[in-house]
Amino acid sequence: MKKFFYFGILCLILFALTACTTVTTTPFIYTNNTNTEFEILGEVVYESETRPGFIEFLKAARKLYPDCDYVIDIMVDQIETSTVFIMLLAKRNKFIMRGVAIKYKM
């Protein structure tokens with residue numbers, strides 16, 4: 001019974017350690033550090049019918065600027081349009097993301 005208890009505790013500890021580690025494909029982390037030098041590549045505008053995420057926005061920035069490492073100063077606007085079609089009111093949302101593409105100097 002003691003061996004089973006210690007084995008259970010060991011499994012819980014290993015589970016806690018492995019649950020806290022992940023492998024992600026996120027880009028470099030932007031820091032507002034004065035020692036970090038970067039080059040501004042340009043402005044990026046991304047429009048979507050669904051709620052966009054950061055990774056989609058970064059992919060759009062990399063299509064415009066292949067050397068893009070990160071996007072800063074992101075603003076999201078939501079435009080709601082309404083149309084009347086045969087006694088029905090249809091609403092559509094359009095999300096527009098704007099930001100600045102940067103490349104780190106290394």
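**Notebook: V44 and the core around helix α2**

I began at V44: setting aside neighbours within four places in sequence, V44 is in contact (heavy atoms within 4.5 Å) with F57, A60, A61, Y65, M97, R98, G99 and A101. The model is predicted, and local features need pLDDT of at least 70, side-chain atom pairs count only at pLDDT 80 or more, while totals for chains, interfaces and linings use all residues. Residues are numbered from 1 along each chain as its sequence is written, and side-chain values use heavy atoms, with hydrogens and water left out.

Next I looked up the largest nonpolar core (buried Ala, Val, Leu, Ile, Met, Phe, Trp, Tyr and Cys residues joined through side-chain atoms within 4.5 Å). This core has 8 residues: V44, F57, L58, A61, C68, V71, M97 and A101. I noted that α2 and β3 (88-104) each supply at least two of its residues, and that α2 gives the most, with 3.

I then checked α2 itself, residues 54-64, where F57, L58, A60 and A61 are buried (under 20% relative accessible area, 1.4 Å probe, protein chains only). Down the helix axis the buried residues fall within an arc of 160° (taken from the directions from the axis to the C-beta atoms), so they line one face of α2. K59 and K63, on the other side of α2, are exposed (over 50%).

Last, I took the whole protein. I found 2 helices and 3 strands (DSSP runs numbered from the N terminus: helices H or I, at least four residues; strands E, at least two). Their order from the N terminus is α-β-α-β-β. Of the 106 residues, 20% are buried. Among contacts between residues at least 6 apart in sequence, 63% join residues at least 24 apart.
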